[in-house]
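Trainee: May I ask for a close look at one part of this structure, with its surroundings afterwards? I should like to begin with the rule for pairing strands.

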Amino acid sequence: MTKKSRFRGGIHQTNGFDKELTANKDIITFVPDVVTISMKQGLGPACNCVVKDGDIVEQGQLIGEAKHFLSATVHASVTGKVLEVTDSYCKIQVHQCSLPDKDSDYNTRLIDISHFSKNEIIDKIEQAGIVGMGGAGFPAHVKYRTKSAITTLLINAVECEPYLTCDEHIILEYGYSLINGALLLKKASGAVKAYICIEDNKPHCIEKLKHLLSNVNDNIEVLSLATCYPQGGEKQLIYASMGVEVPSGKLPADVGAIVSNVQTAKAVADMVLGKIPSVSRCITITGDVTKPANYLVPVGTNIGELVAKCGGVRSKDNKVILGGPMTGRCIGRSVSSEEILDNVSKVSGGLIVLEGKFYDETACIKCEECVHACPIGLNPTRIDFAIRNNDLGLCESLDATECIACGCCSFVCPAQRELTYHTVKARDAVKAKQREEANSGKQSI
Amino acid sequence: MENNLSNPHIRTPKTTRTIMMDVCIALLPALVGSIVFFGLRALLVVVVSVVTCVAGEAIWQICHKQKLTINDFSAVVTGMLLAYNLSSETSLWAVILAGLFSMIVVKQMFGGIGNNVFNPALLGRLFLMVVYPMELMKYKVPSGVDAVSTATILSAVKHKTECSYTVLDAFFGKVPGALGETSALLLLLGFAYLIWKKEVNVSVSAAFFATIVVLSLITEQNPMMQLFAGGTILGGCFMLTDYNLSGKHGKWLYGILAGIIVMAIRQWGVYPEGVCFGILIVNCLSVLIDNIFANKVYGK
């Protein structure tokens with residue numbers, strides 16, 4: 001079914017930013033010789049590494065203990081010998097590594113999960129160190145241990161970012177893993193209803209999911225949504241699929257919803273049904289590389305190595321983006337594949353090589369494109385002016401704190417102003433100021 | 001530059017320059033029309049006006065050691081619009097004077113593109129209207145006798161004198177008037193191009209035109225004549241919709257207010273034509289209208 005309710009603003013990307021580069025590329029599995037596993041895999045601070053140089057570790061063995069409630073544990077993604085340990089990473093020489101198999105039992109049929117209890121599933125999620133694999137990296141067990149009553153589970157298969165197709169291929173190739181994982185998550189959340197939310201630009205995925213779900217009677221449904229970026233944003237997805245807004249400062253759980261990415265659902269199935277913790281993920285390597293592809297790799301794989309496997313970077317004048325082109329982070333300019341030192345983490349959805357273009361900021365012509373595009377309803381250009389003048393009070397009254405950094409405002413700006421950069425800067429500055437005020441308020445009492 | 005490493009890493013191909021170039025393209029049919037109606041003298045007025053505006057902007061920016069922005073085509077748009085507001089018989093020195101006033105006083109003194117309160121072309125015309133009113137009254141009858149100082153349709157309507165022009169004449173442009181006030185058809189053609197390119201907000205123009213039609217029906221005038229004669233189409237399509245001037249929200253209110261003022265001036269004012277004043281007055285109100293209609297913020 002296609003829901004009509006549409007969130008505000010957003011952008012309808014047309015040509016030039018499409019996913020065709022990797023749309024028909026099946027997932028390739030790849031195991032490198034050495035993995036470098038970061039101790040910081042997601043939102044919280046880095047974990048404590050509990051192995052030392054020279055240790056032999058088994059794949060799935062705990063190597064990083066979480067010391068903060070917003071951190072998730074880290075496991076060895078391969079079997080091998082520890083080469084180097086620092087505060088921030090652990091380097092392992094690979095002896096052996098088995099990645100989730102397409103022919104595994106839980107990826108070929110529906111598994112009876114009735115004997116798992118809610119708490120059992122959540123405990124396993126915590127043990128597996130599963131974080132939100134859509135990019136946010138929020139520890140999944142924290143999300144599912146909410147005290148609010150959950151009515152709806154939304155599996156986020158939207159993948160609204162241009163270029164990325166890894167989630168799409170997870171659906172196509174790991175369909176049953178995803179559905180088994182979704183059913184486990186539904187049980188873990190206590191939701192009455194689960195939707196697998198997907199945009200209508202992926203009709204083959206919708207068909208596939210509908211086919212797989214045809215004999216499942218567990219209140220789980222495919223929800224086809226009209227394509228629009230940033231539909232994959234939690235707040236936008238909740239509005240588009242449920243028609244409710246998450247009040248400012250509240251969590252999705254406060255409106256009875258939990259949102260999890262498809263790769264998160266797959267990771268849950270891998271752990272609960274396959275006993276493999278969160279040690280691998282699918283990443284799209286695309287853009288200006290010779291052979292764009294989707295790779296399923298152990299966490300810690302050097303991304304430069306993957307780019308080299310894709311035929312390397314084609315032009316010298318480039319910028320390399322980790323994540324999607326709209327929200328990702330630039331990790332290098334004018335680099336070759338050997339110079340890309342970053343490693344695959346649990347949240348890396350893609351590596352995109354783009355043309356190394358500089359944008360010249362010109363004067364705002366007050367065309368309002370940013371105001372129309374903002375999915376939150378902010379006025380980015382006014383916030384931009386306010387923060388450039390260091391007027392935090394004005395930023396606050398313009399609700400800069402609500403910015404989700406989706407990038408729509410900068411994308412549409414014909415004056416090529418760095419609206420997202422400044423609005424995020426304003427958001428963070430106002431939030432810091434509010435925290436400071438709250439703290440000084442406490443002290444005076 | 002740290003800014004340039006910030007997300008998003010892809011941008012729309014549409015820039016200020018491409019938008020302004022599209023506006024120029026949209027104004028071309030009317031330019032061709034004015035040459036057909038008034039001869040090469042019309043082209044001369046447009047060229048002088050455009051050159052003056054671009055040079056005016058360049059001189060200001062060079063004197064103030066600012067970055068030259070003449071290649072963004074906004075000065076060209078102002079130059080064309082100013083010329084479209086003048087008649088083909090306007091003295092060239094007057095065109096130059098108005099162009100410099102538009103660019104330097106109205107645009108650059110307020111901070112350049114995006115910061116001007118008023119539409120530069122319209123205020124340039126108003127300047128001539130106040131300082132050298134005779135320059136604006138030398139109208140030529142299209143493709144025919146070299147008559148100077150003939151009455152426009154709207155002044156005929158206003159003074160209830162005999163008017164030899166029909167609505168169709170006004171629509172196709174065989175009427176005396178300023179360069180861009182003659183052919184509604186050619187202007188609408190250009191406007192359609194802008195709509196197709198999604199570079200114009202239609203609601204403000206729609207509200208403006210609808211208000212004029214409704215008010216002319218109420219005051220028992222020919223609504224089609226009110227729409228197609230004078231500067232209604234030029235103003236409603238190309239000047240009321242000017243980006244930096246129409247408010248961010250409440251487009252409808254903006255258009256309706258402009259329409260009311262235009263009709264009030266035509267009905268009760270001393271001037272036969274009120275588009276210029278109507279648009280300039282709502283320009284002043286845009287900030288107010290902005291503040292009345294604020295967006296709802298998600299989750300608030």
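Mentor: Two strands pair if DSSP finds at least two bridges between them. The strands themselves are DSSP runs (E, at least two residues), as helices are (H or I, at least four), numbered from the N terminus. The model is predicted, so local features need pLDDT of at least 70 and side-chain atom pairs pLDDT 80 or more, while totals for chains, interfaces and linings use all residues. Residues are numbered from 1 along each chain as its sequence is written, with chains lettered from A and ligands numbered from 1 in the order in which they are written.

Let us take strand β5 of chain A, which covers residues 62-65. It pairs with β6(A) in the antiparallel sense, over two bridges. At one of these positions you can find Gly64(A), whose bridge partner in β6(A) is Val74(A). The wider arrangement is an open sheet of three strands, in the order β3-β5-β6 of chain A, with antiparallel pairing. Its edges are formed by β3 (48-49) and β6 (74-75) of chain A, each of which pairs on one side only.

Other strands of chain A follow the antiparallel pattern as well. Strand β4 (residues 56-57) of chain A is joined by two bridges to β7 (residues 79-85) of chain A, and these run antiparallel. Here Ile56(A) faces its opposite number in β7(A), Lys81(A). On to β8 (residues 89-96) of chain A: six bridges join β7(A) to this strand, again antiparallel. Within this pair, Val82(A) has Ile92(A) in β8(A) as its bridge partner. Three residues lie between β7(A) and β8(A), and the two strands form a hairpin.

How do these strands fit into the whole chain? Chain A holds 14 helices and 17 strands. Its C-alpha atoms fill a box of roughly 55 × 55 × 50 Å along the principal axes. Of the 445 residues in chain A, 55% are buried, that is, have 20 or more other C-beta atoms within 10 Å of their own (12 or fewer make a residue exposed, anything in between partly exposed; C-beta atoms are placed from the backbone). Contacts, in which the C-beta atoms of two residues, placed from the backbone, lie within 7 Å, often link distant stretches of the sequence: among those in chain A with a separation of 6 or more, 73% are between residues 24 or more positions apart.

A single loop residue shows this on a small scale. Gly274(A) lies between α8 (262-272) and β13 (280-287) of chain A. With 18 other C-beta atoms within 10 Å, Gly274(A) is partly exposed. Leaving aside residues up to four places away in sequence, Gly274(A) touches Pro100(A), Ser104(A), Tyr106(A) and Ala269(A). The C-alpha atom of Gly274(A) is also separated by 9.7 Å from that of Ser177(A), 97 residues away along the chain.

Helices of chain A meet one another too: Gly175(A), Tyr176(A) and Ile179(A) in α5(A) touch Lys208(A), Leu209(A), Leu212(A) and Leu213(A) in α6(A).

Finally, consider where chain A touches chain B. The contact takes 43 residues from chain A and 28 residues from chain B. On the side of chain A, at least two residues each come from β15 (318-322), α13 (408-412) and α14 (419-444). The greatest share is that of α13(A), which gives three residues.
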